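Here is an informal walk through one fold, strand by strand and helix by helix. Have the viewer open while you read.

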Amino acid sequence: MDFKFLCIDIQNPEHQKGVLYLLDAYMRDEMGMNAPMPKDLAPRIIDGLKAHEAYIAFIVLADGKYAALANCNKNFSTFKAKPLINIHDFVVHPDFRGNGVGKFLLDSIASFCKENDYCRINLEVRDDNVKAQNLYKKCGFEDCNPPMYFWEKNL
């Protein structure tokens, strides 16, 4: 399989199509919502991402088809005085799982970060998503030291 790594241009309609296609696959997954993307959500996602100044994202094409997506946010580490990337959504389309596309995407993001002087990559993973945890470990990710929790307050 031929993989191609792209930095998403959210203004590009083809990239928007890829983002929505892969997010819909993620939402349908048991680790998502177990349901398709609501019809009215797609335009709001694209409009919101266009307006979000910290948005940065990456996509992988496998043999020309949308295979994987990482929706990220740029942030800044005050302790290192350098930017960092937080991976918010990480999606490998079910048709491409087990083919190395997830590792390719993570390795490519790491290369991008090194080339652009980012100090680290953060991500979150569900406690019950063992497959994703195994991929992340294979790519060099590990629990924070000391371990951290991801907390939220829904508004």
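What follows is a short tour of the sheet, the helices and a few backbone oddities.

## The sheet as a whole

First, a caveat: this is a predicted model. How are the strands ordered in the sheet? Going across, the order is E1-E2-E3-E4-E5, in an open sheet of five strands with mixed pairing. Strand E1 (3–7) and E5 sit at the edges with a single partner strand each, so one side of each is left without a neighbour in the sheet. From one strand to the next, the twist averages 25°.

## The antiparallel part

Start at the E1 edge. E1 runs antiparallel to strand E2 (residues 55–62), and five bridges join the two. If you want a landmark there, take Cys7, whose bridge partner in E2 is Phe58.

Next comes E2 with E3, again antiparallel, this time with eight bridges. Tyr55 is a handy marker for this pairing, since its bridge partner in E3 is Asn73. The two strands form a hairpin with two residues between them, and Asp63 in the turn has a positive phi of about 50°.

Then there's strand E3 (residues 65–77) with strand E4 (residues 82–92): they run antiparallel and are joined by 10 bridges. Two pairs help you find the register: Cys72 is opposite Ile87 in E4, and Phe76 has Pro83 in E4 as its bridge partner. E3 and E4 also form a hairpin, here with four residues between them. Which residue in that turn has a positive phi? That's Ala81, at about 55°.

## Where the sheet turns parallel

At the other edge, E4 meets strand E5 (residues 120–123), and these two run parallel, joined by four bridges. Along this pairing, Leu84 stands opposite Arg120 in E5, and Asn86 stands opposite Asn122.

What links the two strands into a unit? Helix H3 (residues 101–115) does the job: E4, H3 and E5 make a β-α-β unit, and it is right-handed.

## H1 and H2

Helix H1 (residues 13–28) lies across E1, E2, E3 and E4, and runs at about 95° to E3. H1 also packs with helix H2 (residues 41–51), at an angle of about 120° and with the axes 11 Å apart. Why does that pair count as oblique? Angles of 65 to 115 degrees count as roughly perpendicular and those over 145 as roughly antiparallel; about 120° falls in neither range, so H1 and H2 are oblique to each other. Their crossing is right-handed.

On the H1 side, the contact is made by Gln16, Val19, Leu20, Leu23 and Met27, and on the H2 side by Leu41, Ala42, Ile45, Ile46, Leu49 and Lys50. Sorted by class, that comes to nine nonpolar residues, one polar and one charged.

## H3 and H4

Back to H3, which packs with helix H4 (residues 130–138) at an angle of about 45°, with the axes 10 Å apart. These two helices are therefore oblique to each other as well, and H3 passes H4 in a right-handed crossing.

Which residues meet here? Gly102, Lys103 and Leu106 from H3 face Leu135, Tyr136 and Lys138 from H4 in the contact. By class, the contact has three nonpolar, one polar and two charged residues.

## Backbone oddities

Most residues other than glycine have a negative phi, and most peptide bonds are trans. A few places here break those habits. Besides the turn residues Asp63 and Ala81, look at Asn34, which has a positive phi of about 60° although it is not a glycine. Asn34 is in the loop between H1 and H2.

Where is the cis peptide bond to Pro146? Pro146 lies in the segment after H4, and the bond leading into it from Asn145 is cis, with omega near 5°.

Conventions: Residues are numbered from 1 along each chain as its sequence is written. This is a predicted model: local features need pLDDT of at least 70, side-chain atom pairs count only at pLDDT 80 or more; totals for chains, interfaces and linings use all residues. Side-chain values use heavy atoms; hydrogens and water are left out. Two strands pair if DSSP finds at least two bridges between them. A crossover is right-handed if, with the strands pointing away from the viewer, the path from the first strand over the helix to the second runs clockwise. Axes are lines fitted to C-alpha atoms, for helices over the stretch in contact, and angles run from 0 to 180 degrees between N-to-C directions. Angles under 35 degrees count as roughly parallel, over 145 as roughly antiparallel, 65 to 115 as roughly perpendicular and the rest as oblique. A crossing is left-handed if the near helix is turned anticlockwise from the far one by less than a right angle, and right-handed if clockwise. Contact means heavy atoms within 4.5 Å. Ala, Val, Leu, Ile, Met, Phe, Trp, Tyr, Cys and Pro count as nonpolar, Asp, Glu, Lys and Arg as charged, and the others, Gly among them, as polar.
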